[in-house]
Structures are given as C-alpha cells and as structure tokens.
Amino acid sequence: GLEQELPMLKVPEKVTNVGLVLVTSNRGLCGAYNTFVMKRALKRTLELNAQGIVPKLICIGKKSLIQLRTRWEVAGAKYNNTGIWFGMPDSITSATASEISDSIRNIFLSGDVDKVEIIYAKFFSLVKNEPTVRSMLPLTPTGIEDPEDETFRVTTEYGKLKVEREKVKAPK
C-alpha cells in the first residue's frame, strides 16, 4: 500500500535496531537541561539494552558527547556511536536543520535502523522543561500520534505576529 510508495511510513514487524537522536547544548550554561536529557537518554538506552537492542546514536550538542564518555560507560550502557554529530548553534538555520534531518532520514532509509527516537527537553517555561522521548520515524500516515501533540498557526493581530496553539486529538 502506501508504505511501498513512501518508505518512511514502513513499520517493521519487529524492531531490532533503534536510532536515538540526543539533543543537548554545546555549553553548560543551561542549568540541569543537559543532565536531565542525558539521564533520560541513558534510561532509554538501558531499556533497549534489556530488550537486546544496542541503539545507534546521533548527537546534537557537545554535552551529549562529553556525558557519553563520563556517565554512560560507567553505567554499563551498550550503544553504537554512529559518529554523526552536530554542534548546537546559538540559532538554528534552515540549512542546519536540513543537514540534521538528512542524516536522520538517511540512517533510517538505509536500513541501519528500524525506528528513530528523539530525546530532548520539552519546553514549558523558563523554569520548567521535561526530558521527553518521541518517535520520529517511521512516520504515521496522519502525523498525529500523541495526545500532547499541538499544531501552531502564525497569524497577525493588529499588525503584529501572533502564534495560536491548538491541541489536536489523535485519530482512532
């Protein structure tokens, strides 16, 4: 069906290879941001290890590389560092986003991984963010799979940009 035409929709019968995209900063001026993300990533890696899966890592931000060497090896986590690494720039450009997404797409389409998950800090406010694991690939046909998903619409009001947020219910 649709999976034949769009390989990024193809869901494997059994997941045996998982890619993890770890999103951290380059510097440590973010409070516990990096530590929380990497602790959640370590927990997810150990969960996968218990299932016999050694995840392949794509790292964004220097702090992920540093913590891999210091904390993960001590914890006995098994992982495969793909060598795919991107610095976390102060501001993301479309060229940088495209380069990162190309690498993620290529590792999936090449068959190196059956599934790609991203681990990042979900922003709530300046004082609160929560380490989050989300599946990126394979895609779902609707694109909405989590009850926490939101859509954003940029509009104008009185000549100024305005962002409208809307929670979207997952299809049944």
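Me: Buried here means under 20% relative accessible area, exposed over 50% and partly exposed in between (1.4 Å probe, protein chains only). What percentage of the 172 residues in the chain is buried?

Reply: This is a predicted model, where local features need pLDDT of at least 70, side-chain atom pairs count only at pLDDT 80 or more, and totals for chains, interfaces and linings use all residues. Residues are numbered from 1 along each chain as its sequence is written, and side-chain values use heavy atoms, with hydrogens and water left out. Of the 172 residues, the buried share is 29%.

Me: Which element gives the largest share of the largest nonpolar core?

Reply: A nonpolar core is a set of buried Ala, Val, Leu, Ile, Met, Phe, Trp, Tyr and Cys residues joined through side-chain atoms within 4.5 Å. This one holds 30 residues, and L20, V21, L22, L57, W72, I104 and V116 touch the most other members. Helices (H or I, at least four residues) and strands (E, at least two) are DSSP runs, numbered from the N terminus; those giving two or more residues include β1 (18-23), α4 (94-109) and β4 (115-125). The largest share, six residues, is from α2.

Me: How are α2 and α3 oriented to each other?

Reply: Their axes, lines fitted to C-alpha atoms over the stretch in contact, with angles from 0 to 180 degrees between N-to-C directions, come within 10 Å and cross at roughly 45°. Angles under 35 degrees count as roughly parallel, over 145 as roughly antiparallel, 65 to 115 as roughly perpendicular and the rest as oblique. So α2 and α3 are oblique.
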